[in-house]
Amino acid sequence: MADRITLGRYMWERIHQIGCTSIFGVPGDFNLQFLDSIFLTPGLSWVGNQNELNAAYAADGYARVKGVPGCLVTTHGVGELSALNGIAGSMSEHIPIIHVVGQTTRAMQSNHMMIHHSIGQKPDHQLYNKASVPLRFAAAELWDLETAPGEIDRVIRECVVKSGPVYIFLPLDLSAEMVDAKLLDTPIDLKPTTDEKKQAEAVDAISKALAEAKHPILLVDVLTRRFRAVEETRQLARRLGVPIFASNMGKGIVDETEEMYGGVWMGQVSSPGVLDEVKKADLVITLGYLPADTNSGGFSRKLDEATTIRIDPHEATVKGKNYSEIAMKTLLDSLLEALPEKPQHAISKPHLPAPRVPNDNDKTNLTQSYIWSNISTYLSAGDIILGETGTSNFGIYDILFPSHLQYEAQIYYGSIGWAAAATFGADVAHRELLTSSSHRKDKGRTVLFTGDGSLALTIQEIGSMVKHKSTCVVFVINNEGYTVERMIWGARQIYNDIVPTSYKHLLPLYNHPDPTNSYHRVTTKAEFDQVLKKPQIVNPENVQLVELVVEKLDTSWRLGAQLAVRGEEARKYLKEEGFHDAYGNWGLSEEAMGGTGVSWK
Ligand SMILES: Cc1ncc(C[n+]2csc(CCOP(=O)(O)OP(=O)(O)O)c2C)c(N)n1
Ligand SMILES: [Mg+2]
């Protein structure tokens, strides 16, 4: 490498150093020149997307799977604003993203020039930068060459340590100025800061509470993954030997093949048998807890502070006493060192009831209950599955995963369309991992479960999948519109209908090399069984599209349950409108059905 390199190249080298090797985005005249430096950076590739929102979602999917920041490039104003909803999702869900915005030159900005994409006669070019302030953890607003490399390093560190979006605003002229290449020799410090004393106190308090408890249980949640503590979480689960439950967002973080795994705990909307098991607990340890309505059975999972240990990304709370300035990952490491080698509690394995028989078992046409009870025969170790907001995610919670299956969904932020574009990014990351020497060698496919309404928002990214020779398997539930919304309000209103779509035209539109053999329409249970065994679905060599046709009032039971726990009025509505209730009473316990509902206040 030359002694002096452009600032643009410096930025890409730094991004590459932290493990991000694919760049998403859309070109524009304020980023074009520094896009060229991507090709000068060995190991870094330009991927590109069909629009900026998709780029943000794709970078998000990439980051989730690769466990390093995802990166997208957009252009001043028009590009960066289009990406903003995707960035907000990454902020909400703690996904590390570096958003590089190519800005107008410094002279254009100082002179308030009426450059295209601006607003008004004396435009403020920083307007769009200001719009994203609440939706990021840090920003490098580059202006001065002297401080620019340090600023880039600072925000990259913030991105990793806080696990969320950061921005680099790069005026086009500055990107071509030269900086010292030696600066790259000092790696960016990515370790979180921890107050060792407070950490030691927290470890003592946790160990003591555990030793005193007779029946502790673990609740594994999603922020363990977001803050790169999956391995520590798995080790702790094994070491404690106590029953393990997952939130729906935390599903799959601890292998569901673990002996002590007891299922998805979503309050009243839990998997069968789970509530009886968790009632036995006198201590609950939550790891990486994210108690949003959509991750807690509509707030029906109640935890009592006096019997809870919360281990969160930057703090721990033991029976109400808080220990701050702690990093979850290092806390778990030090807890593992402090705990006895063998489990201290002899608790028997959680009892999982036999699967229930749905009341639509005799129907020949495809039903939601059939999809979610049978899809596990298709899944295998190493698969990455992505689920979309709607009936699909609520169905996925029913699947008992094989080991080493990663499940990703935007359950808290819930912006529909996320899943298809995120799947593209996830697959790019997945293929990078499969070719890296340190990764497990499971064959691992990238599989999407989405709805017809959601797919419509980002359907163009199927084109990116085809262009980049992705091998994703896309299952789309065709139920004539927004079934999840129909279940909340307006079951038969036209605002919940969507444009009827001929999915068979989708792959040819994007010049798929083998569209006829790669599009599969399923209307019956028998066809569903057959499709799951087709060689191109089992071992896909190019994008596969599977259209699952179900009735529009058919739904996953758990979505019905989550709404039914709201109270009598919601239950009456679901019944009168005729939504399919495959297990009766939405699979809810007597207690939940008799209850007065979950308060949203
Ligand atoms: C960007 C965005 N717009 C609107 C919504 C509101 N919304 C939530 S789910 C949904 C419908 C999803 O429909 P579909 O994907 O077909 O799922 P299903 O029919 O299986 O429920 C809508 C419109 C949202 N969450 N995000
Ligand atoms: Mg739908």
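This passage describes the overall build of a predicted model, then a contact between two of its domains and the surroundings of its ligand.

It is helpful to begin with the chain as a whole. The protein chain contains 26 helices and 21 strands. Its C-alpha atoms occupy a box of roughly 70 × 60 × 50 Å along the principal axes. Because a compact globule of 601 residues would have a radius of gyration near 25 Å, the 25 Å found for the protein chain agrees with that expectation. Burial can be read alongside this: 53% of the 601 residues count as buried. Contacts in the protein chain also reach across the sequence, since among those with a separation of 6 or more, 78% join residues 24 or more positions apart.

The domain assignment divides the protein chain into domain 1 (4-185), domain 2 (196-338) and domain 3 (368-590). The UniProt record, an unreviewed entry, places the feature "domain: Thiamine pyrophosphate enzyme N-terminal TPP-binding" at residues 6-116. In the model, this span is 47% helix and 18% strand, and the C-alpha atoms at its two ends lie 26 Å apart.

Attention now turns to domain 1 and domain 3. Taken over C-alpha atoms, the centres of these two domains are separated by 32 Å. Across their boundary, 23 residues of domain 1 are in contact with 26 residues of domain 3. On the domain 1 side, the elements that give two or more residues are β2 (22-25), α3 (52-66) and α4 (78-93). Of these, α3 gives the most, with 10 residues. Sorted by class, the side of domain 1 that touches domain 3 has eight nonpolar, 11 polar and four charged residues.

The last region to consider is the shell around ligand 1. Here 19 residues surround the ligand, and G390, G451, G453, S454 and T483 come nearest. Two or more residues of the shell are given by each of α15 (391-396), α17 (452-458) and α19 (483-488). By class, the shell has four nonpolar, 12 polar and three charged residues.

For a reader following along in the structure, two places are handy starting points: helix α3, with its 10 residues on the side of domain 1 that touches domain 3, and the residues that come nearest to ligand 1, including S454 and T483.

Terms used. Residues numbered from 1 in each chain as written. Chains lettered and ligands numbered in written order. Predicted model: local features only at pLDDT ≥ 70, side-chain atom pairs only at ≥ 80, totals over all residues. UniProt positions renumbered as here; feature names shortened; annotations may be inferred. Helix = DSSP H or I, 4+ residues; strand = E, 2+ residues; numbered from the N terminus. Rg over C-alpha atoms; globule rule 2.2 N^0.38 Å. Buried ≥ 20, exposed ≤ 12 C-beta atoms within 10 Å, placed from the backbone. Contact = placed C-beta atoms within 7 Å. Domains from an automatic or database assignment. Nonpolar A, V, L, I, M, F, W, Y, C, P; charged D, E, K, R; others polar. Near = placed C-beta within 6 Å.
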